[in-house]
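The following report describes one molecular structure, with attention to its charged pairs, its ligand site and its backbone.

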Amino acid sequence: MYQVPSHKPGFAGIGMTSERTRRRLVELLRDMGINSEKVLQIMQSLPRHIFVEEALASRAYENTALPIGQGQTISQPYIVALMTQVLFDQPRSKVLEIGTGCGYQTAILAPLCEQVISVERIVKLHREARDRLYDLGVRNVVFRHGDGFDGLADFAPFDGILAAAVSADVPEELVTQLSVGGRIVMPVGRGEKQSLVVIDKTESGLKKQEIEAVRFVPRLAGLG
Ligand code: SAH
């Protein structure tokens with residue numbers, strides 16, 4: 001599904017071995033309970049080392065978060081897989097992603113829906129992710145620099161919303177911009193006490209479930 005861009009100098013060596021190490025990572029995710037074949041297939045095909053600095057590339061297939069600069073991290077592969085699997089309990093066509101970061105999660109979402117709108121508050125990360133996904137041939141993502149927790153009224157309603165930064169509560173604006181039948185997957189909490197929350201908007205109101213304890217970087221206000 002994805003091909004490593006051949007013009008990325010310095011990554012060639014890792015590119016050769018990454019398919020094998022990626023397979024090992026995918027097997028680990030399966031053992032940890034990820035059972036969406038579609039999600040596993042995309043994660044198998046998408047090189048993760050091109051999303052991190054070259055010095056960290058050899059650690060890209062470990063199941064850990066890694067620094068991506070600006071005090072931010074690329075999410076742990078298990079969490080990316082889990083959130084994607086939970087979001088796509090049914091087909092979703094228009095998804096809002098909050099916290100583009102390096103764009104890894106974005107690249108996992110893109111093949112699963114018609115359009116992803118991905119918002120990042122740090123301009124450097126926003127630009128780098130946009131260029132990286134362009135290089136990967138991804139064309140169905142709209143990248144925005146802004147505060148994602150305000151939602152994006154121009155593109156609403158969304159049938160899926162996923163956030164990669166933890167918020168003290170589920171912002172009202174996001175619920176408003178969710179279509180009936182839509183689902184939000186996001187970490188909610190403060191400090192160490194965070195859990196992955198799923199909100200479904202139904203004809204009769206909102207349904208909330210807590211999936212598991214998680215650890216995300218905080219939602220920040222303003223632009224960086
Ligand atoms: N899925 C991304 C996660 C990056 S970490 C990846 O794997 O790279 C979370 C990201 O959320 C950071 O890049 C951070 O800058 C961003 N973020 C934090 N608060 C935000 C806000 N209010 N609006 C948009 N992005 C935000």
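The structure holds 10 salt bridges, each being a side-chain nitrogen of Lys or Arg within 4 Å of a carboxyl oxygen of Asp or Glu. Glu27 and Arg30 form one of them, with their closest N and O atoms 3.6 Å apart. Because they are three residues apart in helix H1 (residues 12–31), Glu27 and Arg30 are separated by about one helical turn; helices (H or I, at least four residues) and strands (E, at least two) are DSSP runs, numbered from the N terminus.

This is a predicted model, in which local features need pLDDT of at least 70 and side-chain atom pairs count only at pLDDT 80 or more, while totals for chains, interfaces and linings use all residues. Residues are numbered from 1 along each chain as its sequence is written, and side-chain values use heavy atoms, with hydrogens and water left out.

The ligand is surrounded by 25 residues (a heavy atom within 4 Å), the closest being Cys102, Glu120, Asp147, Gly148 and Leu220. By class, this shell divides into 12 nonpolar residues (Ala, Val, Leu, Ile, Met, Phe, Trp, Tyr, Cys and Pro), four charged ones (Asp, Glu, Lys and Arg) and nine polar ones (the others, Gly among them). The table lists polar contacts of the ligand, which are pairs of N or O atoms within 3.5 Å.

| Residue | Protein atom | Ligand atom | Distance |
|---|---|---|---|
| Glu120 | side-chain N or O | oxygen | 2.6 Å |
| Arg121 | polar backbone atom | nitrogen | 3.4 Å |
| Asp147 | polar side-chain atom | nitrogen | 2.9 Å |

Of the 580 Å² of accessible area that the ligand has on its own (Shrake-Rupley method, 1.4 Å probe), the protein covers 99%. The elements that give two or more residues to the shell around the ligand are strand E2 (72–74) and strand E4 (115–120), and E2 gives the most, with three residues.

Two backbone features lie in loops. The peptide bond from Ala156 to Pro157 is cis, with omega near 5°, and Pro157 belongs to the loop between strand E5 (141–145) and strand E6 (158–163). Gln70, a residue other than glycine, has a positive phi near 60° and is located in the loop that runs between strand E1 (66–69) and E2.

Conventions
A polar contact is a pair of N or O atoms within 3.5 Å; within protein, one must be able to donate a hydrogen and the other to accept it, and residues adjacent in sequence count only if both atoms are side-chain atoms.
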